[in-house]
Amino acid sequence: MTEPAPRGRPSTGRAHRPPTIHDVAREAGVSRGTVSRVLQGGHNVSPAALEAVNAAIRRTGYVVNRHARSLVMQRSDSVAFLLTEPQELFFEDPNFNVLLRGCTRALAEHDIPLLLMIAGNEPERRRITRYIAAGHVGGVLLVSSHSGNPVVERLTQAQVPVVACGKPLGQRTHVAYVAADDREGAREMVRHLHRIGRRRIATVTGPQDTPGGVERLAGYRETLAELGLPYDERLVAEGDYTRAGGEAAAGRLLDRAPDLDAVFVASDLMADGALTALERAARRVPEDIAVGGFDDSPIAASTRPPLTTVRQPWDRISDEMVRLLLSRIAGEDPAMVILPTELVVRQSA
């Protein structure tokens, strides 16, 4: 015969773990989303639901994560925008600034300030993760995480709410993330280059230890197979998401495969560098070689010729990253959001 649970302590099978937001929702008879809204200040929650959730919190003994407590109590606190790239890339690549502005705007709606942190090497990563783990910020928006980057593991071990921009590669723990559909965006670009009559389609990839680099190369390869075109290693050169890296990679492609008639470049910044290499080699764009980029960053409209590219929905990415982070702060499980891209046709292809 099972002994009844002591009065005031529900028998929920939680003897060996602390209560979670799921337990509170079940106890209150409401959804997890309702509990999250209560923890974020009670906006858009009926008085009856608010009373039920607060009573369930008392009965279960639920305690908000220490990193989130000051946010939930509506005290002044902040969120970190953590870029794990060298500082110079932050100033060169406009995508980071666009994303930073979007996240700042989305958090301002909740009266939460955003702190920019850049950790481009291991000593900086150790120093910043120690600072964050000490509870100085309520959560982290992590940008540009490479495979093997220990920041995600360290922050999750410290129970810091984290949302990544792009799917973190090689992580042993489940991390919330928001990403554009890199693979499908690459597929659409290669299909477009094929539609305009190109058959020797090369690519400058992103770094193969980043989710965008891996997914965009996969989309390129899959679409070549779909179109019946052979995959040729001579038509593939790895870049590093910098203008100089794109220029160097395009030069290698021209040396190895001078008969190429199109190149899909995995970022607009690298595509700008590739255009420089093609001009130096006296190759006309798009007459001799069509060029496609990825991002639809501010650079794309100012290149000569203007760049055909794949648009990432930066405003939606920012909004979703902030939404998921506030949900994580409130105790929700990690979630993923993948957003569609859009082909933008200009004069380069």
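These legends go with close-up views of a predicted model.

**View 1. The whole chain holds 13 helices and 12 strands.** The chain has 349 residues, and 54% of them count as buried. Its exposed surface comes to about 16100 Å². Carbon and sulfur atoms supply 50% of that area. Now take the contacts between residues at least 6 apart in sequence: 71% of them join residues at least 24 apart.

**View 2. Six strands form an open, parallel sheet.** Read across the sheet, the order is β2-β1-β3-β4-β5-β11. Strands β2 (114-118) and β11 (336-339) stand at the edges. Each has a single partner strand, so one side of each is left without a neighbour in the sheet. From one strand to the next, the twist averages 15 degrees.

**View 3. Strands β3 and β4 run parallel and are joined by four bridges.** Strand β3 covers residues 140-143, and strand β4 covers residues 162-165. Look for Leu 142: its bridge partner is Ala 164 in β4.

**View 4. Helix α6 lies across four strands of the sheet, namely β1, β2, β3 and β4.** The helix is made of residues 94-108. Strand β1 spans 79-83, and α6 runs at about 170 degrees to it. An angle over 145 degrees counts as roughly antiparallel, so α6 and β1 are roughly antiparallel.

**View 5. Helices α1 and α2 pack at an angle of about 105 degrees.** Helix α1 covers residues 21-28, and helix α2 covers residues 32-39. Their axes are 9 Å apart. Angles of 65 to 115 degrees count as roughly perpendicular, so α1 is roughly perpendicular to α2. Which residues meet here? From α1 come Ile 21, His 22, Val 24 and Ala 25. From α2 come Arg 32, Val 35, Ser 36 and Leu 39.

**View 6. Helix α13 has the span expected for its 16 residues.** The helix covers residues 314-329. At 1.5 Å a residue it should span 22 Å. The end C-alpha atoms are 22 Å apart, which agrees.

**View 7. Helix α13 has many buried residues, among them Trp 314 and Met 321.** Other buried residues in α13 include Ile 317, Val 322, Leu 324, Leu 325, Leu 326 and Ile 329. Ser 318, Glu 320 and Ser 327 are buried too. An α-helix has 3.6 residues a turn, so residues three or four places apart point the same way. After α13 comes Gly 331, with a positive phi near 105 degrees.

Notes
Residues are numbered from 1 along each chain as its sequence is written. This is a predicted model: local features need pLDDT of at least 70, side-chain atom pairs count only at pLDDT 80 or more; totals for chains, interfaces and linings use all residues. Side-chain values use heavy atoms; hydrogens and water are left out. Helices (H or I, at least four residues) and strands (E, at least two) are DSSP runs, numbered from the N terminus. The expected span of a helix is 1.5 Å times one less than its number of residues. Buried means under 20% relative accessible area, exposed over 50%, partly exposed in between (1.4 Å probe, protein chains only). Contact means heavy atoms within 4.5 Å. Accessible areas come from the Shrake-Rupley method with a 1.4 Å probe; for residues, only the protein chains shown count as cover. Two strands pair if DSSP finds at least two bridges between them. Axes are lines fitted to C-alpha atoms, for helices over the stretch in contact, and angles run from 0 to 180 degrees between N-to-C directions. Angles under 35 degrees count as roughly parallel, over 145 as roughly antiparallel, 65 to 115 as roughly perpendicular and the rest as oblique.
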